[in-house]
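Please walk me through this model in the viewer, one selection after another. Keep the stops short.

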Amino acid sequence: VIAIELDPKLVAVLEDRFRGEDKLHIIHGDVLKVEFPIFDKVVANLPYSISSEITFKLFKHDFKLGILMYQYEFAQRMIAKPGSHDYSRLTVNTSYFADASIIMKLPKGVFSPPPQVESAVVKVCPRPAPFEVTDKDFFLKFVTAVFTKRRKKIKNSIVESNHMLGIRNVKQVVSGLPEDLMGLRPENLDPAQLAALSNMILTMQQEA
């Protein structure tokens with residue numbers, strides 16, 4: 001077992017409690033800054049304030065299973081359906097990297113002291129993307145960009161967030177994308193449709 005812990009007081013408690021145990025290794029550091037060792041399973045009650053950052057860092061690694069506790073609203077966003085209130089960049093990114101499901105919802109009262117929010121345990125199983133992506137980095141950037149303008153039609157969302165994307169002749173590119181999709185909002189496009197638009201834009205840029 002490898003544990004990553006920032007709090008020096010808790011590190012000291014763990015080291016004292018498990019002194020002499022050769023199956024536990026404690027890394028004292030910031031989880032967002034330390035280099036992860038090789039692992040195949042991850043189990044954690046994540047700090048809710050940095051849930052996104054840790055989750056996306058985990059997705060960069062090859063592992064088989066994650067059992068992770070999040071704020072309940074965050075967990076709902078991970079598994080949301082297109083068109084729903086909770087559907088977001090997080091949903092699309094999660095669907096690209098893994099299958100996710102809520103195992104259980106936890107009320108405030110199971111913690112001491114009780115937090116201000118409810119929690120949920122989420123099962124995360126990484127797998128190959130279920131849709132084609134020509135360039136992963138551009139796709140993830142594209143998703144981030146368009147969801148900054150999630151309430152606008154996708155054609156306007158792409159143009160207005162182009163400072164994040166750097167698409168040449170962006171208005172001309174948008175005019176060449178499928179009209180049936182351009183009239184929808186980012187929140188109404190499923191991950192495969194967003195991936196298709198990302199791929200089309202890259203193809204048009206290469207041909208220009």
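The tour below visits strands, a helix pair and a few single residues in a predicted model.

**Stop 1: the parallel strands.** Select residues 41–45 and residues 65–71. These are strands S3 and S4, which run parallel and are joined by five bridges. For one partnership, pick Lys41: its bridge partner in S4 is Leu65. Now add residues 51–58, helix H2. The chain leaves S3, passes through H2 and arrives at S4. This β-α-β crossover is right-handed.

**Stop 2: the antiparallel strands.** Keep S4 and add residues 119–126, strand S6. Here the pairing is antiparallel, over six bridges. Show Met69 and look across to S6, where Val121 stands opposite.

**Stop 3: the loop before S3.** Go to Ile38, in the loop between strand S2 (25–28) and S3. Is Ile38 buried or exposed? Its relative accessible area is 83%. The cut-off for exposed is over 50%, so Ile38 is exposed. Next, draw a C-alpha to C-alpha distance from Ile38 to Phe63. The two are 25 residues apart in sequence and 8.5 Å apart in space.

**Stop 4: the helix pair.** Select residues 89–97 for helix H4 and residues 136–147 for helix H5. Two packed helices are described by the angle between their axes and the distance between the axes. For H4 and H5 the angle is about 160°, and the axes lie 9 Å apart. Angles over 145 degrees count as roughly antiparallel, so H4 is roughly antiparallel to H5. Their crossing is right-handed.

Show the side chains where the two helices meet.

- From H4, display Arg89, Val92, Asn93, Tyr96 and Phe97.
- From H5, display Lys136, Phe139, Leu140, Val143, Thr144 and Phe147, which those H4 residues meet.

**Stop 5: two backbone exceptions.** Most residues other than glycine have a negative phi, and most peptide bonds are trans. Two sites depart from this.

First, zoom to Ser112 and Pro113. The peptide bond from Ser112 to Pro113 is cis, and its omega is near 0°. Pro113 sits in the loop between strand S5 (98–106) and S6.

Then move to Asn169, in the loop between helix H6 (154–160) and helix H7 (170–175). What is the sign of phi at Asn169? Phi is positive, about 50°, although Asn169 is not a glycine. With 55% relative accessibility, Asn169 counts as exposed.

Definitions and conventions:
Residues are numbered from 1 along each chain as its sequence is written. This is a predicted model: local features need pLDDT of at least 70, side-chain atom pairs count only at pLDDT 80 or more; totals for chains, interfaces and linings use all residues. Side-chain values use heavy atoms; hydrogens and water are left out. Two strands pair if DSSP finds at least two bridges between them. Helices (H or I, at least four residues) and strands (E, at least two) are DSSP runs, numbered from the N terminus. A crossover is right-handed if, with the strands pointing away from the viewer, the path from the first strand over the helix to the second runs clockwise. Buried means under 20% relative accessible area, exposed over 50%, partly exposed in between (1.4 Å probe, protein chains only). Axes are lines fitted to C-alpha atoms, for helices over the stretch in contact, and angles run from 0 to 180 degrees between N-to-C directions. Angles under 35 degrees count as roughly parallel, over 145 as roughly antiparallel, 65 to 115 as roughly perpendicular and the rest as oblique. A crossing is left-handed if the near helix is turned anticlockwise from the far one by less than a right angle, and right-handed if clockwise. Contact means heavy atoms within 4.5 Å.
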